[in-house]
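Here are a few exercises to work through with the coordinates open. Try each task before you read its solution.

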Amino acid sequence: MGISVFDLFSVGIGPSSSHTVGPMRAARMFVDRLAADGLLHGSLTGVRRVRVQLFGSLGATGHGHGSDKAVLLGLTGERPEEVDTEAVPGIVADIRAAKRLSLGGTHEITFDEDTDLVLHRRKSLPEHPNGMIFAAYGDDLLLERTYYSVGGGFVRDDGVIVPEPTRLPYPFATSAELLGHCLETGLPVSEIMLRNELSWRTREEIRDGLCGIWRVMAECVRNGCEHDGVLPGGLKVPRRAKALHHKLLAEDGAADSLQVMDWVSLYALAVNEENAAGGRVVTAPTNGAAGIIPAVLHYYRRFVPGATDDGVVTFLLTAGAIGSILKQTGSISGAEVGCQGEIGSACAMAAAGLTEVLGGTPQQVENAAEIGVEHHLGLTCDPVGGLVQIPCIERNAVGAAKAIHAARMALRGDGRHVVSLDKAIKTMRETGADMKVKYKETARGGLAVNVIEC
């Protein structure tokens with residue numbers, strides 16, 4: 001299985017890749033299938049009603065994560081990477097007021113959320129906690145499809161035949177296989193990933209695409225530093241990034257030797273406040289953990305002498321290689337393994353990327369990623385009020401600091417260590433399987449039940 005760096009880093013909309021981006025993509029996929037089957041038009045065979053059911057974690061915290069709005073947007077033909085985030089409230093409000101929507105923007109139907117969009121808080125589908133069933137009706141059932149939002153905006157359609165995978169020059173699903181390629185060729189992790197990426201895109205397209213991803217990340221930080229007020233959703237969580245940014249600018253490095261870490265926290269907070277507000281973010285590898293990699297990249301660009309755009313590309317390729325392993329052999333889904341799969345994965349990816357751009361060997365890169373995973377093992381996903389705010393926003397700031405620490409620890413060693421990245425990922429997967437469902441993005445355990453919603 002080949003996973004592109006552009007699968008792991010995709011532009012989307014907040015607040016959640018699995019609960020917002022995934023359902024929007026699934027809804028759009030369903031409408032595209034209706035169109036392909038010729039079911040959108042015609043008085044006798046055309047669609048007159050669509051019913052959507054969300055299960056598991058999607059049903060439990062879908063309202064807080066914006067899954068209901070995402071489904072509406074996807075049914076109208078919107079894509080998470082293109083939708084105008086400023087226009088979203090108006091689009092959703094119009095649909096709800098009229099109780100009508102236009103499938104794919106061309107075929108109008110009645111749509112009453114009370115009956116046509118059902119969130120099952122206590123039911124799950126067998127294949128994955130984030131399950132969805134879409135059904136279209138005329139006089140009778142015309143089409144039904146089951147989709148799973150499996151983390152990071154990835155959607156699996158059980159009704160689609162999976163094509164033959166692309167043959168890559170350096171296939172790998174484990175860190176042992178990745179390190180084997182590095183040892184055999186003498187190439188760094190980033191170059192192994194780049195040569196695989198060349199199976200899909202030209203070298204120029206890869207560089208331009210990754211620089212584009214970096215620009216969206218940087219814009220997200222800027223936006224987060226410009227907005228203040230209270231985050232939506234009812235918890236009345238204040239946005240802190242703007243005030244912190246002004247404070248750090250006023251201090252102008254005159255505070256203490258660790259002030260650089262305050263900047264790292266700022267970058268992470270800015271991204272995840274934008275995410276919580278439904279702004280434009282990059283899945284990295286998920287929305288819930290979207291602040292870690294941009295924060296560490298900003299650390300590299302601002303505080304590492306000689307940092308360049310080429311270094312950013314190298315960072316993202318290396319991080320993508322580690323993310324590919326995590327996606328294939330572990331999980332990046334909070335609904336599947338808890339927050340260890342989101343924050344832990346992002347921390348590992350960021351630590352690996354930073355280690356390589358600071359001159360680390362492939363063995364040190366793997367060591368840094370392992371530290372990132374190992375020291376998030378067991379972390380639960382317990383969003384208060386079902387919102388991606390508490391403790392999610394601060395977890396990104398702490399995860400970014402851990403990534404920098406992991407890279408520095410790895411660079412001080414020679415790459416040799418007892419616990420391999422593969423063993424840490426296997427442990428994460430097993431820990432997630434043992435974890436009670438209430439700790440996996442359902443808002444039925446942990447802080448979600450011990451913090452009073454105001």
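**Exercise 1.** Is Gly234 buried or exposed, or something in between?

*Solution.* Start with the cut-offs: buried is under 20% relative accessible area, exposed is over 50%, and partly exposed is in between (1.4 Å probe, protein chains only). Gly234 has a relative accessible area of 43%, so call Gly234 partly exposed. Next, place Gly234 on the chain: the loop between helix H9 (203-226) and helix H10 (241-251) holds this glycine. Helices here are DSSP runs (H or I, at least four residues), strands likewise (E, at least two), numbered from the N terminus. Finally, take a distance: from Gly234 to Met193 is 43 Å, C-alpha to C-alpha, with 41 residues of sequence separation.

A word on the source: this is a predicted model, where local features need pLDDT of at least 70, side-chain atom pairs count only at pLDDT 80 or more, and totals for chains, interfaces and linings use all residues. Residues are numbered from 1 along each chain as its sequence is written, and side-chain values use heavy atoms, leaving out hydrogens and water.

**Exercise 2.** How do strands S7 and S8 pair?

*Solution.* Strands count as paired if DSSP finds at least two bridges between them. S7 (residues 141-151) and S8 (residues 154-157) have four bridges, in the antiparallel sense. For one facing pair, look at Tyr148, which sits opposite Arg156 in S8. Then check the turn: two residues separate the strands of this hairpin, and Gly152 takes a positive phi near 70 degrees.

**Exercise 3.** How many cavities of 30 Å³ or more are there, and what lines the largest cavity?

*Solution.* First the rule: on a 1 Å grid over the protein atoms alone, a cavity is a set of points where a 1.4 Å probe fits but cannot get out, and lining residues have an atom within 4 Å of a point. Points are joined across faces, edges and corners, and the volume is the space filled by probe spheres set on them. That gives three cavities of 30 Å³ or more. The largest cavity comes to about 140 Å³. Its lining has 15 residues, with Gly288, Glu342, Cys381, Val388 and Cys392 closest to the centre. Helices H2 (17-36) and H17 (392-411) each chip in at least two lining residues.

**Exercise 4.** Which helix gives the largest share of the lining of the second largest cavity?

*Solution.* This cavity holds about 60 Å³ of space and has 11 lining residues, including Phe172 and Asn196. H8 (189-197) and H13 (309-329) each supply at least two of them. The largest share, three residues, comes from H8.

Technical notes. On a 1 Å grid over the protein atoms alone, a cavity is a set of points where a 1.4 Å probe fits but cannot get out, and a pocket is an open set with protein on both sides within 12 Å along at least five of seven lines; lining residues have an atom within 4 Å of a point.
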